[in-house]
2 protein chains.
Amino acid sequence: MHESFNLDLEKNEGNYSPLSPTSLISWASDVYPDRLAVVYGECKQTWQETYTRCRQFASALRQLKVGYGDTVAIMAPNIPAMFEAHYGIPMSGAVINALNTRLDAGAIAFMLEHGGAKVFFVDREYRTVVNEALKKLEKKPYLVDIIDSSMPDMEPIAEVEYENFLKSGDSGFKWSLPNDEWDAIALSYTSGTTGDPKGVVTHHRGAYLNALGNVVTWTMPYFSRYLWTLPMFHCNGWCFPWTLAAVAGTSICLRRIEAQTIFRLIRDYDVTHMCGAPVVYNTLLNTSESDLQIGFSRVKGMIAGAAPPRSVIEGAEVIGIDLTHVYGLTEVYGPAAVCAQHPEWEQLSLEQRAQKNGRQGVRYVVQDGMEVLNGETMLPVPRDGRTMGEICFRGNITMKGYLKNPNATNEAFEGGWFRTGDLAVIDEFGYVTIKDRSKDIIISGGENISTIEIEDVLYEDDRILEAAVVAQSDEKWGEVPCAFVTLKSNEVALMESEVIDFCRERLARYKCPKRVVFGVLPKTSTGKIQKAILRDRLEQNK
Amino acid sequence: MHESFNLDLEKNEGNYSPLSPTSLISWASDVYPDRLAVVYGECKQTWQETYTRCRQFASALRQLKVGYGDTVAIMAPNIPAMFEAHYGIPMSGAVINALNTRLDAGAIAFMLEHGGAKVFFVDREYRTVVNEALKKLEKKPYLVDIIDSSMPDMEPIAEVEYENFLKSGDSGFKWSLPNDEWDAIALSYTSGTTGDPKGVVTHHRGAYLNALGNVVTWTMPYFSRYLWTLPMFHCNGWCFPWTLAAVAGTSICLRRIEAQTIFRLIRDYDVTHMCGAPVVYNTLLNTSESDLQIGFSRVKGMIAGAAPPRSVIEGAEVIGIDLTHVYGLTEVYGPAAVCAQHPEWEQLSLEQRAQKNGRQGVRYVVQDGMEVLNGETMLPVPRDGRTMGEICFRGNITMKGYLKNPNATNEAFEGGWFRTGDLAVIDEFGYVTIKDRSKDIIISGGENISTIEIEDVLYEDDRILEAAVVAQSDEKWGEVPCAFVTLKSNEVALMESEVIDFCRERLARYKCPKRVVFGVLPKTSTGKIQKAILRDRLEQNK
């Protein structure tokens, strides 16, 4: 029998299609042509209109001889053009390379050169830094200038303007799915703190599956109204530009993270869903009373980050945002783990709930495996909530690898898993809690100290707005913890000894910071505190 | 650049897994081990318990030297063993062949022989017909006897009983995903009205995608409580045994379609979802007042069938079941089209809503294409709601083909689409409405007459319970419509002329039945009226 189920039962045009999230926009446009796809200020576009524009986008790229395997870069905030690029570029066969809008000229030049972008879409707001970057390039990409009518008049960056670029394309363009679902859909550079950025290459198959995975994980209903508080340049907005087509939802675009604007949009568009790093929710929590009193229905929020402070999880719930905690990296298309909630938790106190929700959780249903492994044996650590290991992923929601960097790719997949570099424990329920980045962990007198654990304690002090702990070299212990602290604006000064005493009441003595430095913390464009810079400061001021 | 995105970026153990719905049960068991997976009478099993049993199931099959590419048949109603078979069999690498419980001995024997089942699980209720079937076989499969403790004592059919079979397996069995997601997962025989049944072969990839497609299409939340009113032998319960794992939902099992039991279970388990043919909902609608007054929260129901009578759609809404109309065939894993609803319809009258909902609708978001094509040119018919063509599907939710039947497979995929044989129109909104099976359509004086259109009119008569219209050969017109009608039990007799007059007030004269026959209608096990038998009767009584 063994062969009967394969004999004369091959793939054919009728029974096989490559998976691609580009298929989702044609569905949304076919079935719900008149529902709103994109909203931005005065601009309101239906799915049919958006699909037409994306076809023009793809066609216009083809007319520039850009297609299969070519890179197309874009640097824009969360505006309609950025959303359209997530369809228009892959529909042409090309690979979307969304650039972080806060990069410096050197990094932009590196990425354009390394990624080989043939076309570069630039929002005028970034013209200065982009012009500077372009000067460093021998071969410049074809530039398209994105004008946002809500912005003040600025110098153009290119002769071709985005709307005219679209007009040059054919609205009836017959695009096609990729030949192979393993073909690249996106190139995203990680903001490495050391060395050159690495170019994460993701594929159509994974983007499609994670787009559906978002719907399943979050039970997203049709016509969800999604507020773009998460940058689309960040892992392609965690695949949400594609997710929203699968449910014919509406993308409410947003140029800047401003509490007042966010609350107004939530109310005006009856927003149902939003995503972001802790810093986004922090902005909302630390807002004025009058902004908070605007009144809106409850919103579902996804929050990602190594470990969102408990205060954020609690605070969001109070102002009307029910947070789901997710975890991931660019290499796994954004979130690939979720702190899946249990109905029993509703009986717990807010604090206990925040503790449960603070864990990084379990794999997405579309991701095949997530384990905490001993980095050497590659065997799972015991589920005791204490033994540390490295979080590893396996499955379709994992990148192809790093562009033109086989060494980094091999290293990342060493042992048959994608190795995140995050150190964590796993508890009896199979839920993972991050303890540290492997490069952040402090080893003091042979003991591992989780910097996140110390930071959690610091955040319990009402006077502290932000905290980061890093290793400081020490002759006796090897390393000891040093805390960098930002105080809340309206607080009087706090003494170093007070902070240390506060920790001593709550932590084993060897885990307490030996030194406290006050001031503003350096952050990446996605709101992550840059510990490498803090470590450098310590080294320079020893 | 073109090659950079493929160079050193191959699939590896870490970034590629074959898609298979078997992956979903390990997720449910990992994340929600203590949630109920299966309920049946006194039996209540958690996901962890069910997963353990399925691993034993797969291991026990392997011990019988059954695995990759082997067929394992099962004939059982919607009881826990049937649910477990949907995991245990594919987890062993074998192909599940679920048999319709109403088949006769000849058909069973044909399927066992043609499909080559090595093991056959049989619920004792069917021992007589199965024993008769086995007598016809030269080589008998290994038999496993399923005992349902809620049933009266009956003769065993085999020496090995299901629970003992499970015990022989290893609960820690390390099963694996298929090597290739294109591998067969299920073999399902269509109840062809002429000729031998055809064995539809489906694959892991399609079953996985449709399992998620059900969640997206129906916005199924976690912990959905699903009542098994749809036979699991029918296209593997439209993939719902797998869907339920993706949302850690509960399967409420059901041996028989009885209104009283259904209403009781809906109330006791706070059922949220159910599926079935129109006959299931008809049973509920034509029940006694006291059953209806049992009181329950609103239920979401999927209904499939060539064209559910408007009265069912309306009636269900009144008693508390919100119907979603889906359409499909075994060849497309059950439903692959849905009458996707629009919020604007809520403003319409119940009757107008029923008309909108009565259409077969649009493709599932996971299915790549659904068109109404001219059967000769294979070009789409105009979207005028009048021009008939054949409904064709294309995409991943389409079978591999028919087992050991390359001619039928080639015919089904002729022209690069899966051809359903259903004739339909498509309206300006892109929604499809079936007019007839291609073999049922009546051609009278050169005009096509949709038998479904006439049946819809007949159902408007309060005295009529069921109606079926078929072609009767006619010397003058070629064919004319003949109506077969079942009256409601408490009705007095109805005259043939009254029925014809009723139609004449509502239909063009040439479409009205020329003859009316009263009596019970022959049906398939899934509740479809067997028009071929009615046509035979007419031929024999000319």
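1. Domain bounds here come from an automatic or database domain assignment. On that footing, chain A splits into domain 1, covering 23-228 + 243-254, and domain 2, covering 440-540. Their C-alpha centres are 39 Å apart. Keep in mind while reading on that this is a predicted model.

2. Now for how the two chains relate. A turn of 180° with a shift of 0.0 Å along the axis lays chain B on chain A, with an RMSD of 0.1 Å. That is what a two-fold axis gives you. If you want to find the axis in the viewer, go to B:Thr219: of the residues of chain B, B:Thr219 comes closest to the axis, with its C-alpha at 3.0 Å.

3. The interface fits that picture. Chain A and chain B put 54 residues each into the contact. On the chain B side, the elements that give two or more residues are α1 (22-31), α7 (204-218) and α15 (406-412). The largest share, 5 residues, is from α1(B). Sorted by class, the chain B side holds 27 nonpolar, 18 polar and 9 charged residues. And since 100% of the interface residues of chain B are also interface residues in chain A, the copies meet through the same surface.

4. Next, a sheet in chain A. Four strands make an open sheet in the order β17-β18-β20-β21, with antiparallel pairing. The edges are taken by β17 (369-373) and β21 (432-437) of chain A; each has a single partner strand, so one side of each has no neighbour in the sheet. On average, neighbouring strands are turned by 45° against each other, direction ignored. As background, the strands of a sheet pair through backbone hydrogen bonds, either parallel or antiparallel.

5. For a closer look at one edge of that sheet, take β20 (residues 418-426) and β21 in chain A, which pair in the antiparallel sense over 5 bridges. A handy place to check the register is A:Val425, which stands opposite A:Thr433 in β21(A).

6. Chain B has an open sheet of 4 strands too, in the order β17-β18-β20-β21 and with antiparallel pairing. Here β17 (369-373) and β21 (432-437) of chain B are the edge strands, and each pairs on one side only. The twist from one strand to the next averages 45°. At the β17 end, 5 bridges join β17(B) to β18 (residues 389-394) of chain B, and the two run antiparallel. To check the register there, look at B:Gly369, whose bridge partner in β18(B) is B:Arg394.

7. What about β3 (residues 71-75) of chain A: how many of its residues are buried? The count is 5 of the 5, so β3(A) is largely enclosed by the rest of the structure. A:Thr71, A:Ala73 and A:Met75 point one way from the strand, A:Val72 and A:Ile74 point the other way, and all are buried. The pairing between β3(A) and β4 (residues 95-98) of chain A is parallel and runs over 4 bridges. In that pair, A:Val72 stands opposite A:Ile96 in β4(A).

8. Two backbone spots I'd flag for a second look. A:Asp270 has phi near 50°, a positive value in a residue other than glycine. A:Asp270 sits in the loop between α10 (259-268) and β12 (273-276) of chain A. With 13 C-beta neighbours inside 10 Å, A:Asp270 counts as partly exposed; for that label the count has to fall between the exposed limit of 12 or fewer and the buried limit of 20 or more. The other spot is A:Met378, with phi near 60°, again positive in a residue other than glycine. A:Met378 lies in the loop between β17 and β18 (389-394) of chain A. A:Met378 has 16 C-beta neighbours inside 10 Å and so is partly exposed as well.

9. Last, a loop residue: is A:Ser450 buried or exposed? With 23 other C-beta atoms within 10 Å, A:Ser450 is buried. Its place is in the loop between β23 (447-449) and α16 (451-459) of chain A. Leaving out residues up to four places away in sequence, A:Ser450 touches A:Lys435, A:Asp436 and A:Ile441. A:Ala424 is 26 residues from A:Ser450 along the chain, and their C-alpha atoms are separated by 9.5 Å.

Methods: Residues are numbered from 1 along each chain as its sequence is written. Chains are lettered from A and ligands numbered from 1 in the order in which they are written. This is a predicted model: local features need pLDDT of at least 70, side-chain atom pairs count only at pLDDT 80 or more; totals for chains, interfaces and linings use all residues. Copies are superposed by least squares on the C-alpha atoms of residues with pLDDT of at least 70 in both. Two residues are in contact if their C-beta atoms, placed from the backbone, lie within 7 Å. Ala, Val, Leu, Ile, Met, Phe, Trp, Tyr, Cys and Pro count as nonpolar, Asp, Glu, Lys and Arg as charged, and the others, Gly among them, as polar. Two strands pair if DSSP finds at least two bridges between them. Axes are lines fitted to C-alpha atoms, for helices over the stretch in contact, and angles run from 0 to 180 degrees between N-to-C directions.
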